[in-house]
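Biologist: Hi! Could you walk me through this one before class?
Modeller: Happy to, let's look at it together.

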Amino acid sequence: MNIAVIGTGYVGLVTGTCLAETGNNVTCVDIVEEKVNKMKNGELPIYEPGLDILFHRNIEQGRIKFTTDLAEAIKDAVIIFLALPTPPGGDGKADLSYVLGAAKDIANLITDYKVIVTKSTVPVGTADKVRAAFEENTLVEVDVVSNPEFLREGVAVDDFMKPDRVVVGTRSDRAKKLMEELYAPYVRSGNPVIFMDERSSELTKYAANSFLATKITFMNEVANLCELVGADVDMVRRGVGADDRIGKRFLFPGIGYGGSCFPKDVQALALSSKEYDYDFKILDAVMEVNQSQKLKIVEKMMKYYNNDVKGKKFALWGLAFKPETDDIREAPALYIIDELTKAGAEIVAYDPEGMENVRKMKGDILAFADNAYEALEGADALIIATEWQAFRNPDFKQMEEKMASKVIFDGRNLYDLHKMIDLGYYYNSIGRAT
Ligand code: UGA
């Protein structure tokens, strides 16, 4: 099938590349010429494990192309994906100007039937708005379909190639048939393509992300309670998660969820509910708890150091909001850096992928190390903010030699409690004994 993908951000690139991988001819469009030129030369603008192999293979085999020319990209396309940014506007609601602007531009160019697919996370009712933009600008028939993405950064290629489910919102049989055909190679193992109306599909995306954020937040609160009552959250998590109705996944407590999706989507769902005069109370609580959870480590450190961290030197392992990404959006580490440096502490950070992004944003308030051990040189304590695999089994002997004090504040519960006690560390983690 001939496909056009408008927008080559994270979602657009993963979508375009993975669609090319199953034999479709994909043209990706972006307005940033420099970015398009780089991609034409095989430069992948994002870090995502496994994507580079597919990206290069499909460029070489001519199944994926890049252009700034919208007309050229959509001329032969049957399906056009809109993978454009929907940043929160000043009022916190998703700004649809990119999506609706592209809809208008496409409407003015098309001469034959197209399926227009909204892939970005968009508020309920957006498909109707996109449809209206077409109706105002062209007489050519189109079907507007909602097809939210459920990709997780770090495992996005796997999530696309082997999805738990594909959700497609459309009431058109013609569009349904095309979407079914397009996704067939990805659901061969029997996972469903679930068809529904556009509004239900749009809401599914917000409900899924908000539910997961709530699940994590619930466990974070259980962890906080564990610390007070002397229980161990690792045990509680296992006991709770063994119930199939609850499930083992997404029960890991930590220093709050971050990233570009959960914080934005929980807020957007809470706000849009209010527009319909519905007070989605649990979401307000989730946002409030998550905000304080991000500072849990700082709170613990302030207690440990009697509210005085002035002149202290801290090593910080992990900057990205989660492992296997360089994404630092809403990363708990950023809040920790701000609070501790404001209080007069010095921070030396190490992250396998996220350092460049933090350097650009906060390079003047912290230092960076070339590797995890270098960050520990003379440190009064180590703070762990991201659970990179490389931090899971470190050389504690080498750590001890570098650090000024054997103190660890672990926001991701990487180490066995008893082992840390045996090694003689002061080890403060989440929801477990100190
Ligand atoms: C999330 C969803 O998982 C995807 O399904 C969705 O497509 C995506 O948002 C999106 O809307 O685009 P992502 O933000 O990449 O994906 O990351 P997750 O792996 O879901 O993690 C989100 C946050 O939750 C991270 O900060 C992570 O550290 C935290 N988390 C996750 C926990 O604190 N505990 C857990 O048990 C799991």
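**A chat about the model**

Biologist: Let's start with Tyr186: where does it sit?
Modeller: Tyr186 sits in the loop between helix H8 (173–183) and strand S8 (193–196). Helices (H or I, at least four residues) and strands (E, at least two) are DSSP runs, numbered from the N terminus.

Biologist: Is this a predicted model, and how are residues numbered?
Modeller: This is a predicted model, where local features need pLDDT of at least 70, side-chain atom pairs count only at pLDDT 80 or more, and totals for chains, interfaces and linings use all residues. Residues are numbered from 1 along each chain as its sequence is written.

Biologist: Back to Tyr186: which residues is it in contact with?
Modeller: Leaving aside neighbours within four places in sequence, Tyr186 is in contact with Met161, Lys162, Pro163 and Val166. In contact means that the C-beta atoms, placed from the backbone, lie within 7 Å. Tyr186 and Arg165 are 21 residues apart in sequence, and their C-alpha atoms are 9.5 Å apart in space.

Biologist: And why is Tyr186 called partly exposed?
Modeller: Because Tyr186 has 18 other C-beta atoms within 10 Å. A residue is buried with 20 or more such atoms within 10 Å of its own C-beta, exposed with 12 or fewer, and partly exposed in between, with C-beta atoms placed from the backbone.

Biologist: New topic: what domains are there?
Modeller: The assignment gives domain 1 (2–196), domain 2 (205–292) and domain 3 (295–428). Those bounds come from an automatic or database domain assignment. The C-alpha centres of domain 1 and domain 3 lie 38 Å apart. The contact between them takes four residues from domain 1 and seven residues from domain 3.

Biologist: How many residues are in the largest nonpolar core?
Modeller: The largest nonpolar core has 79 residues, and those with the most contacts inside it are Ala4, Ile6, Ile80, Phe81, Leu82 and Ile116. Domain 1 and domain 2 both give residues to this core, so it lies between them. A nonpolar core is a set of buried Ala, Val, Leu, Ile, Met, Phe, Trp, Tyr and Cys residues joined through C-beta atoms within 7 Å.

Biologist: Which residues does Ile6 touch?
Modeller: Not counting residues up to four places away in sequence, Ile6 touches Val29, Ile80, Phe81, Leu82, Ala83, Leu84 and Ala102. A second, separate core has 45 residues, including Ala315 and Ile383.

Biologist: What about strand S5, buried or exposed?
Modeller: Five of the five residues of strand S5 (residues 114–118) are buried, so strand S5 is largely enclosed by the rest of the structure. On one side are Lys114, Ile116 and Thr118, and on the other Val115 and Val117. Strand S4 (residues 79–82) runs parallel to S5, joined by four bridges, and Ile80 stands opposite Ile116.

Biologist: Which strands make up the open sheet?
Modeller: Six strands, in the order S11-S10-S9-S12-S13-S14, with parallel pairing. Two strands pair if DSSP finds at least two bridges between them. Strands S11 (367–368) and S14 (426–428) stand at the edges with a single partner strand each, so one side of each is left without a neighbour in the sheet.

Biologist: Last one: which residues come nearest the ligand?
Modeller: Of the 20 residues around the ligand, Glu153, Phe252, Tyr257, Gly259 and Cys261 come nearest. A residue counts as near if its C-beta atom, placed from the backbone, lies within 6 Å. Helix H9 (residues 198–229) gives the most to this shell, with three residues.

Technical notes
Two residues are in contact if their C-beta atoms, placed from the backbone, lie within 7 Å.
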